[in-house]
Amino acid sequence: AEQVKARLLAESDRTLTLKSLSQQFNVSEAQIKSSFTRVYGMSPAAYTRSQRMHGAAELLRQGRDGEAA
């Protein structure tokens with residue numbers, strides 16, 4: 001799960017599928033999803049969405065703060 005998380009973060013600008021992750025790590029899609037969900041409490045897709053939303057929120061905060069200055 002940690003390696004999958006690292007890959008998702010390293011390639012956050014791309015949409016990585018369970019299929020591509022399973023091929024890269026040589027395990028089934030089900031194993032990728034279940035182990036990631038067990039460790040992080042959400043699927044790889046949900047984790048990616050969450051990270052993108054946090055990034056977008058941070059950009060909005062920076063923009064708002066920049067206008068106030």
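A residue is taken as buried under 20% relative accessible area, as exposed over 50%, and as partly exposed in between. By this scale Gln3, at 58% relative accessibility, counts as exposed. Gln3 lies in helix α1, and its C-alpha atom is separated by 19 Å from that of Arg52, a residue 49 places away along the chain. The model described here is a predicted one, and the values below were computed from it.

The secondary structure of the protein consists of 4 helices and 0 strands. Read from the N terminus, the order of the elements is α-α-α-α. The C-alpha trace spans about 50 × 20 × 15 Å along its principal axes. The radius of gyration is 15 Å, whereas a compact globule of 69 residues would have a value near 11 Å. Of the 69 residues in the protein, 19% are buried. Among contacts between residues at least 6 apart in sequence, 45% join residues that are at least 24 apart.

Two helix pairs were examined. Two packed helices are described by the angle between their axes and the distance between the axes. For helix α2 (residues 18-25) and helix α3 (residues 29-40), the axes come within 8 Å and cross at roughly 100 degrees. Angles of 65 to 115 degrees count as roughly perpendicular, and α2 and α3 are therefore roughly perpendicular to each other. On the α2 side the contact is made by Leu18, Lys19, Leu21, Ser22 and Phe25, and on the α3 side by Glu29, Ile32 and Lys33. By class, the residues of this contact divide into 4 nonpolar, 1 polar and 3 charged.

The axes of α1 and α3 come within 9 Å and cross at roughly 90 degrees, which makes α1 roughly perpendicular to α3. Helix α1 contributes Glu2, Val4, Lys5 and Leu8 to the contact, and α3 contributes Ile32, Phe36, Val39 and Tyr40. The contact of α1 with α3 has 6 nonpolar, no polar and 2 charged residues. Ile32 of α3 takes part in the contact with α2 and also in the contact with α1.

The largest nonpolar core has 7 residues in all, namely Val4, Leu8, Leu16, Leu21, Ile32, Phe36 and Tyr47. Helices α1 (2-10) and α3 each supply at least two residues of this core. Several core members recur in the helix contacts: Leu21 and Ile32 belong to the contact of α2 with α3, while Val4, Leu8, Ile32 and Phe36 belong to that of α1 with α3. When residues up to four places away in sequence are not counted, Leu8 touches Leu16, Leu21, Phe36, Pro44, Tyr47 and Thr48. Among these neighbours, Leu16, Leu21, Phe36 and Tyr47 are themselves part of the core.

Arg7, the residue preceding Leu8 in the numbering, is found in helix α1. At 29% relative accessibility, Arg7 counts as partly exposed. Residues up to four places away in sequence again being left out, Arg7 touches Leu16, Leu21, Gln24 and Phe25. Arg7 and Leu21 are 14 residues apart along the chain, and their C-alpha atoms are separated by 8.6 Å. Leu16 and Leu21 are thus touched by Arg7 and are touched by Leu8 as well.

Ser20 is found in helix α2 and is partly exposed, with a relative accessible area of 27%. The C-alpha atoms of Ser20 and Leu8, 12 residues apart along the chain, are separated by 11 Å.

The loop between α2 and α3 holds Asn26. Most residues other than glycine have a negative phi. Asn26 is not a glycine, yet its phi is positive, at about 60 degrees. With a relative accessible area of 70%, Asn26 is exposed.

Gly55 is placed in helix α4 (residues 44-68). Its relative accessibility is 31%, so Gly55 counts as partly exposed. Gly55 and Ser34 are 21 residues apart in sequence, and their C-alpha atoms are 25 Å apart in space.

Technical notes. Predicted model: local features only at pLDDT ≥ 70, side-chain atom pairs only at ≥ 80, totals over all residues. Heavy atoms only, no water. Axes fitted to C-alpha atoms, helices over the stretch in contact; angles between N-to-C directions. Parallel < 35°, antiparallel > 145°, perpendicular 65-115°, else oblique. Contact = heavy atoms within 4.5 Å. Nonpolar A, V, L, I, M, F, W, Y, C, P; charged D, E, K, R; others polar. Core = buried A, V, L, I, M, F, W, Y, C linked by side-chain atoms within 4.5 Å. Buried < 20%, exposed > 50% of the residue type's maximum accessible area, 1.4 Å probe, protein only. Rg over C-alpha atoms; globule rule 2.2 N^0.38 Å.
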